[in-house]
Protein chains: 2
Amino acid sequence: MVRIADVAELAGVSKATASRALSGRDHVAEATRKRVVEAAESLQYAPSTAAVGLATGRTRRIGVLMPTVSRWFFSQVLEGVQAALVKHGLDLMLYCALPGTPARERIFRDFMRRKRMDGLIAIGIESSDPEWERLRQIDAPIVGVVGTTPGSSLVAIDDTHAAMRATEHLLALGHREVVFLGGEARDPGAANVHRDRFTGYTRAMTAAGLGASVRHVPAPSTVPGGYAAAVDALGSQDRPTGIVGVCDEVAIGAIIAARRLGLLVPGHVSVTGIDDHEYAEMFSLTTLSQKPRAQGRAAVDLLLARIEDPSLAPSTTSLKARLIVRSSTLALDASVAAPGTRDGSHGP
Amino acid sequence: MVRIADVAELAGVSKATASRALSGRDHVAEATRKRVVEAAESLQYAPSTAAVGLATGRTRRIGVLMPTVSRWFFSQVLEGVQAALVKHGLDLMLYCALPGTPARERIFRDFMRRKRMDGLIAIGIESSDPEWERLRQIDAPIVGVVGTTPGSSLVAIDDTHAAMRATEHLLALGHREVVFLGGEARDPGAANVHRDRFTGYTRAMTAAGLGASVRHVPAPSTVPGGYAAAVDALGSQDRPTGIVGVCDEVAIGAIIAARRLGLLVPGHVSVTGIDDHEYAEMFSLTTLSQKPRAQGRAAVDLLLARIEDPSLAPSTTSLKARLIVRSSTLALDASVAAPGTRDGSHGP
DNA sequence: TTGAAAGCGCTACCAT
DNA sequence: ATGGTAGCGCTTTCAA
């Protein structure tokens with residue numbers, strides 16, 4: 001192992017000077033700096049992170065805590081965070097803590113402690129109180145993405161507003177029987193997101209005088225989840241003409257289900273999502289676009305600022321979701337009657 | 001900050017004894033051990049990873065390098081690795097290095113150095129030589145998953161065999177016009193996987209005397225990629241009756257495309273995948289099941305063994321993929337003629 | 001501008 | 001079984 005002492009010796013300077021020259025945070029004669037840098041290079045010198053950490057008190061590591069990495073939204077945020085951290089030369093320590101698993105308990109108990117990381121980005125963590133207590137113990141700045149982050153900074157979209165827009169879009173097209181598909185109380189890392197979106201849907205329905213028609217079909221926020229729920233909803237007697245998916249995955253599942261049932265989208269049923277998932281385009285899905293990678297990047301910016309200056313007050317960054325109209329939605333009066341529906345009488 | 005000295009003082013012992021009592025790696029009287037543990041607990045003591053690392057030379061951190069985290073296979077391996085590491089109390093440092101990006105270059109140049117991690121798991125890294133040279137510099141054990149890992153341990157399935165099985169399945173059903181869908185030379189982290197799978201397909205075709213019918217439609221290994229490629233392949237004059245998808249994502253894209261074109265799966269075209277993706281069931285996809293989470297776990301086991309005993313020889317773990325027959329495949333003579341096909345004359 | 005030396009918090013060796 | 005102590009490799013005063 002090559003130490004900074006070796007570099008110093010080769011360059012003919014002291015350890016102190018070598019350190020200064022390499023870190024660049026202090027004045028060193030240009031000539032000596034060059035000599036030191038060359039020496040370091042020729043020896044393939046790499047500083048020991050442990051020693052640096054011990055001496056400076058900084059780990060140059062950022063923790064990222066999230067319920068899962070295998071859903072689109074989370075993977076995108078993670079990639080955004082990663083890209084931003086790499087740019088700053090910081091390491092990313094990942095903790096996947098699916099609610100209700102022993103791993104999550106272990107992570108909260110053993111890993112969320114100070115001195116492992118300079119800061120934490122908590123994605124989609126809807127923590128019960130004792131869990132937040134644990135997070136506090138890391139004694140480093142925390143920034144949340146989605147979820148709830150009492151007393152910390154937060155990056156998120158306005159979920160209520162997004163769902164309201166989606167619902168209003170359907171309503172403006174003349175739809176009256178609009179169902180809200182997906183969302184469950186125990187959904188990992190998204191319970192309050194779903195609550196807010198359902199609220200937005202309800203609000204739009206109520207504003208249109210359709211409060212009595214509010215209908216929620218719960219489902220896991222996945223494509224298969226949306227598929228199964230849509231099979232139920234669309235197979236029922238009182239089939240809706242519009243579906244607001246809690247997210248694109250659910251909406252896509254609904255589209256696939258509709259097609260399997262022989263229904264045309266948007267001919268027989270209009271569907272919207274929220275996300276602008278990578279598959280949204282291929283399904284011509286009308287949706288509200290959010291940019292999870294950008295949220296990841298924003299979280300890093302916020303976090304680094306607070307690490308730099310801990311006195312900074314926690315802030316909330318609310319990004320807006322933009323409506324993207326594709327062709328999974330259609331005006332009700334342009335729609336055709338679905339086979340076997342109760343309006344079969346109007347049919348072709 | 002509470003140091004081990006504080007714990008020792010409170011417990012009325014020396015730092016040395018406190019350290020022994022807490023790490024448990026040395027004999028300490030049960031009574032004193034208990035006292036120390038209680039003291040540590042009451043003070044909320046957490047050891048400084050930097051200090052431990054400096055003193056022991058172990059970081060208790062494992063690096064994970066992969067091209068992307070947003071494709072199913074990779075996210076699953078990652079979750080498998082994460083779960084296994086948590087169990088051992090090790091931290092996971094994630095590096096997403098998409099080929100061809102500046103981030104990748106930066107990661108290989110600045111992050112892949114010794115003293116940051118005790119070992120590395122490289123997933124789907126098909127490194128050009130200079131990149132592998134860099135990896136060697138971390139001077140710690142490396143285990144590969146998929147990809148190529150010259151001189152290191154590797155965990156993977158036999159891709160050639162898997163594709164051969166898939167192709168043989170179609171062949172056994174009587175299909176003759178079987179096309180291989182997906183795979184591209186520049187596919188991030190999977191070029192050689194795709195090469196091997198294509199080889200398996202070719203081998204099966206050739207063995208069946210269909211060497212002349214071998215046909216490859218390249219596409220990105222994603223659902224939209226498979227969709228687009230399948231639209232082309234199925235829209236062409238010489239439409240195949242069987243499709244071997246390079247992976248489930250491509251196969252699913254093909255199924256969606258077929259349905260959009262008004263073709264029945266498996267009535268008009270049979271489709272197989274490789275993976276057993278989480279959506280496979282919902283699409284009734286016949287596929288070869290591999291367990292990426294298990295591969296992640298296996299990689300951790302292999303890596304920890306080599307960290308424990310560096311003299312251990314690199315080994316290759318080859319997991320087998322199991323054929324799962326669902327209903328995306330059908331015997332050719334049970335199939336129906338597709339609309340607008342060249343066999344339209346036999347049609348209903 | 002440079003060098004000497006004192007820690008950072010912990011473990012592990014050597015005593016006892 | 002326990003305590004004293006010498007580092008681990010780096011940064012950062014303080015002096016020169």
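**Two chains and a DNA strand**

Tutor: Across the interface of chain A and chain B of this predicted model, the rule finds two salt bridges.

Student: How do you know that Asp91(B) and Arg116(A) form a salt bridge?

Tutor: The term asks for a side-chain nitrogen of Lys or Arg within 4 Å of a carboxyl oxygen of Asp or Glu. The closest N and O atoms of Asp91(B) and Arg116(A) are 3.0 Å apart, so the pair qualifies.

Student: What makes up the side of chain A that touches chain B?

Tutor: By class, that side has 27 nonpolar, 12 polar and 13 charged residues. Here Ala, Val, Leu, Ile, Met, Phe, Trp, Tyr, Cys and Pro count as nonpolar, Asp, Glu, Lys and Arg as charged, and the others, Gly among them, as polar.

Student: Which residues are closest to DNA strand C?

Tutor: They are Thr17(A), Arg20(A), Ile4(B), Ser19(B) and Tyr45(B), among 27 residues that surround the strand (near means a heavy atom within 4 Å). Sugar and phosphate account for 65% of the atoms of DNA strand C that come within 4 Å of the protein.

Student: Why is the approach of Ser19(B) to DNA strand C called a polar contact?

Tutor: A polar contact with DNA is a pair of N or O atoms within 3.5 Å. A polar side-chain atom of Ser19(B) lies 2.6 Å from a phosphate oxygen of DNA strand C, so the pair fits. For Thr17(A) the distance to a phosphate oxygen is 2.7 Å, and for Thr32(A) it is 3.0 Å.

Student: How should I read the labels and values?

Tutor: Residues are numbered from 1 along each chain as its sequence is written, while chains are lettered from A and ligands numbered from 1 in the order in which they are written. Local features need pLDDT of at least 70, side-chain atom pairs count only at pLDDT 80 or more, totals for chains, interfaces and linings use all residues, and side-chain values use heavy atoms, with hydrogens and water left out.

Key: A polar contact is a pair of N or O atoms within 3.5 Å; within protein, one must be able to donate a hydrogen and the other to accept it, and residues adjacent in sequence count only if both atoms are side-chain atoms.
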